[in-house]
Amino acid sequence: MPMSSGIVAVGSDIYNIGSSSSSTVLILDCRSHTWHEGPSLRVKLHTLSASAVDRKIYVAGVQFYALKNSFEVLDTLKPQVVWDDHVPPISETTT
């Protein structure tokens, strides 16, 4: 089964999300050229897409074993950074 990871930049850090088929988040500090582990995703994802907006990282993907959709948000400005489950509202109107 193909796995994926997402790479996003926030400030001087580069986040490698879901690397090595896991929920692990690795962070490259571009100032010191060192890697450290960040907060893990709440669930292991089979495929994912990651984007950064306003210092928040948004990750959407499919859970590894359950094959359910997942959406998580990481606010990189919080002192104790954790991923939040976030389910975007589904519009009831269609065009």
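In this predicted model, a polar contact of 3.3 Å ties the side chain of Arg31 to that of Ser12. The two residues sit 19 places apart in sequence, yet their C-alpha atoms are 6.7 Å apart in space. Arg31 belongs to the loop between S3 and S4. Is Arg31 buried or exposed? Its relative accessibility comes to 70%, and because the cut-off for exposed is over 50%, Arg31 counts as exposed. The hairpin around that loop has four residues between its strands, S3 and S4. Another residue to look for in this hairpin is His33, which takes a positive phi near 60°.

Stepping back to the whole chain, what does the secondary structure consist of? There are eight strands and zero helices, so to speak a β-β-β-β-β-β-β-β pattern when the chain is read along its sequence. The chain has 95 residues, and 33% of them are buried. Its accessible surface comes to about 6200 Å², with carbon and sulfur atoms holding 54% of that area. As for contacts with a separation of 6 or more, 26% are made by residues 24 or more positions apart.

The strands S1 to S4 make up an open sheet, in the order S1-S2-S3-S4 and with antiparallel pairing. At its edges are strand S1 (6-10) and strand S4 (34-37), each of which pairs on one side only. On average, neighbouring strands here are turned by 25° against each other, direction ignored. Inside this sheet, strand S2 (residues 13-17) and strand S3 (residues 25-29) are held in antiparallel pairing by five bridges. One landmark in that pairing is Ile17, whose bridge partner in S3 is Val25. S3 also runs antiparallel to S4, and four bridges join them. Here Leu26 has Glu37 as its bridge partner in S4.

The other sheet is also open and has four strands, in the order S5-S6-S7-S8, again with antiparallel pairing. S5 and strand S8 (83-85) are the edge strands; each has a single partner strand, so one side of each is left without a neighbour in the sheet. In this sheet too, neighbouring strands are turned by 25° against each other on average, direction ignored.

Eight bridges link S5 to S6 in the antiparallel sense. How many residues lie between these strands in their hairpin? There are two, and Asp54 in the turn has a positive phi of about 50°. Along the pairing, Ala50 stands opposite Val59 in S6. Val59 is a handy point of reference, as it also has a bridge partner in S7, namely Glu72. S6 and strand S7 (residues 69-75) run antiparallel and are joined by seven bridges. Lys56, for its part, stands opposite Asp75 in S7. The S6 and S7 hairpin has five residues between the strands, and Leu67 takes a positive phi near 50° there.

What about the nonpolar interior? The largest nonpolar core has 14 residues, and those touching the most other members are Tyr15, Ile17, Val25, Leu41, Ile57, Val59 and Trp83. Which strands each supply at least two residues of this core? They are S1, S2, S3, strand S5 (45-53) and strand S6 (56-63). S5 gives the largest share, at three residues. Two of the core residues just named, Ile17 and Val25, are the bridge partners met earlier between S2 and S3.

Ile57 gives a closer look at how this part of the chain comes together. Setting aside its neighbours within four places in sequence, Ile57 is in contact with Val8, Val10, Tyr15 and Ile17, among others. Its contacts further along the chain include Ser51, Ala52, Glu72, Val73, Leu74, Thr76 and Trp83. Of these contacts, Tyr15, Ile17 and Trp83 also appear among the core residues that touch the most other members. Glu72, another contact of Ile57, is the bridge partner of Val59 in S7.

Note on methods
Residues are numbered from 1 along each chain as its sequence is written. This is a predicted model: local features need pLDDT of at least 70, side-chain atom pairs count only at pLDDT 80 or more; totals for chains, interfaces and linings use all residues. Side-chain values use heavy atoms; hydrogens and water are left out. Two strands pair if DSSP finds at least two bridges between them. Axes are lines fitted to C-alpha atoms, for helices over the stretch in contact, and angles run from 0 to 180 degrees between N-to-C directions. Buried means under 20% relative accessible area, exposed over 50%, partly exposed in between (1.4 Å probe, protein chains only). Contact means heavy atoms within 4.5 Å. Accessible areas come from the Shrake-Rupley method with a 1.4 Å probe; for residues, only the protein chains shown count as cover. A nonpolar core is a set of buried Ala, Val, Leu, Ile, Met, Phe, Trp, Tyr and Cys residues joined through side-chain atoms within 4.5 Å. A polar contact is a pair of N or O atoms within 3.5 Å; within protein, one must be able to donate a hydrogen and the other to accept it, and residues adjacent in sequence count only if both atoms are side-chain atoms.
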